[in-house]
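Ready for a few short exercises? Have a go at each task yourself before you read the solution.

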Amino acid sequence: MPATTHSTEAPTQALTQLSDEEKMFQASVRRFAREQIGPHVREMDDAGVFRKDLIRQMFELGLMGIEIPEEYGGQGGSFFQCVMAVEELSAVDPSAGVIADVQNTIVNNAIMKWGSADQKQRYLTRLASDTVGSYALSEAGSGSDAFAMATTATDAGDHFLLTGRKLWITNAAESGLFVLFANANPAAGYRGITAFLVEREFPGFQVGKKEDKLGLRASSTCELILDNCRVPRENVLGEVGKGYKVAIETLNEGRIAIGAQMIGLARAALEHASAYAKQRKQFGKVISEFQGVQFQLAKMATALEAARLLVYNAARLRDAGQNFVTEAAMAKYYSSEIAEQSASQAIEILGGVGITKDYPVEKLYRDAKIGRIYEGTSNIQLMTIAKKLLEK
Ligand SMILES: Cc1cc2nc3c(=O)[nH]c(=O)nc-3n(C[C@H](O)[C@H](O)[C@H](O)COP(=O)(O)OP(=O)(O)OC[C@H]3O[C@@H](n4cnc5c(N)ncnc54)[C@H](O)[C@@H]3O)c2cc1C
């Protein structure tokens, strides 16, 4: 039977095989990232600030509401498209990648899954059009052990009063809305944790110190201060005491997109290293003619392909409604590991200039480090993988 008789409904055979719609989407994000973000990457890294006009363009292109249904002004796209967008943005600037990552895969997602009809109407419309969102779980005393949080929520009838401090909150400098976790019943332990939708203007809410970081410098990371912050009862996301479920389930999805951020970064490292190797001459030859350099590039390409397959598989499982928790942990763990190695290897292939700010690879190396830390450290991913492995 000729191959052309295959139905267009046939499932994609290879994980990296894209539908026409996915190809078009990928090409448009790639073009935007290269042409609009590219020229500003170094300046934004130096300043430690992401340009507002670029965030506005990300909204205009629909990149901040990819999966939000069209009825709320979103693109009605897939989770896989979120992952492709994060990969493409990160291949140019991992800070741009994380802005879209947090917005699409943990903030929008949490509201799409757990929000009431009224919350979706009030907030998804804004998140799709002009409002940046943040996800506030971590605190100074609770990182990996996230449910040991000290921020409390006191029930005051038609509203809650939230008190405490959140740390490391991505996008906080730009955000208008925070998916924020507090404990409404500390005596019940993690079963008191509740998710709230907190607007920046709510009384008692303040964005505090912004961190000065090694990498991902253009992405804001701030402290949040809650001093009897008044949050209306209708802004409880999901149920009181079920916030732990909201956190676990959204972070499982978010991890896949951190994997995408890391494969975008690793791809950039490989592209810069290959381009340089093809023009740098030593011993009378371009260095790409040396087998030693070829093998270094080949190993980077192989690791990238393996990481991409893990990330795409986890994303496609999620879109298919299948279990993806272990696959997501593997994708994040492995991608962040190879991103750091690839960025390091790229610097070596560039030699001395690799470590200077005249070339982009030193920034990729700095940006890679966070991949093994946020949304669950590598140890936490390994714990998830091992738990599944050993229960069989
Ligand atoms: C740039 C940046 C952006 C971030 N963005 C956000 C955000 O938007 N929202 C948010 O809520 N949080 C955010 N975070 C916080 C991030 O998720 C935490 O930093 C991360 O979960 C680790 O927590 P920690 O820093 O407290 O480290 P710790 O939990 O103190 O871990 C320290 C070390 O101990 C290890 N460790 C801890 N427990 C175990 C264990 N049981 N077994 C083995 N090893 C263990 C860890 O692997 C790590 O190596 C961000 C952090 C950074 C740096």
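**Exercise 1.** Which atom of the ligand does a polar side-chain atom of Thr377 lie 2.7 Å from?

*Solution.* Step one: know what you're looking at. This is a predicted model, where local features need pLDDT of at least 70 and side-chain atom pairs count only at pLDDT 80 or more, while totals for chains, interfaces and linings use all residues. Residues are numbered from 1 along each chain as its sequence is written, and side-chain values use heavy atoms, with hydrogens and water left out.

Step two: find Thr377. Its polar side-chain atom lies 2.7 Å from an oxygen atom of the ligand. That fits a polar contact (a pair of N or O atoms within 3.5 Å; within protein, one must be able to donate a hydrogen and the other to accept it, and residues adjacent in sequence count only if both atoms are side-chain atoms).

Step three: look for similar pairs. An N or O atom in the side chain of Ser144 is 2.6 Å from an oxygen atom of the ligand, and a polar side-chain atom of Ser138 is 2.7 Å from a ligand nitrogen.

**Exercise 2.** Work out which strand gives the most to the shell around the ligand.

*Solution.* Start with the strands, which are DSSP runs (E, at least two residues; helices are H or I, at least four), numbered from the N terminus. Next, list the elements that each supply at least two shell residues: β1 (132-136), β3 (159-170) and α11 (378-391). β3 comes out on top, with three residues.

**Exercise 3.** Find the phi of Trp168 and of Asn171, and say what's odd about them.

*Solution.* First, the background: most residues other than glycine have a negative phi. Now check Trp168, in strand β3: its phi is positive, about 70 degrees, although it is not a glycine. Then move to Asn171, in the loop between β3 and β4 (175-183). Its phi is positive too, at about 75 degrees, and again it is not a glycine.

**Exercise 4.** Sort Asn171, Gln36 and Val353: is each one buried, partly exposed or exposed?

*Solution.* Use these cut-offs: buried means under 20% relative accessible area, exposed over 50%, and partly exposed in between (1.4 Å probe, protein chains only). Asn171 is buried because its relative accessibility is 1%. Gln36, in helix α1 (residues 20-37), has 32%, so it counts as partly exposed. Val353, in the loop between α9 (325-350) and α10 (361-368), has 29%, so it's partly exposed.
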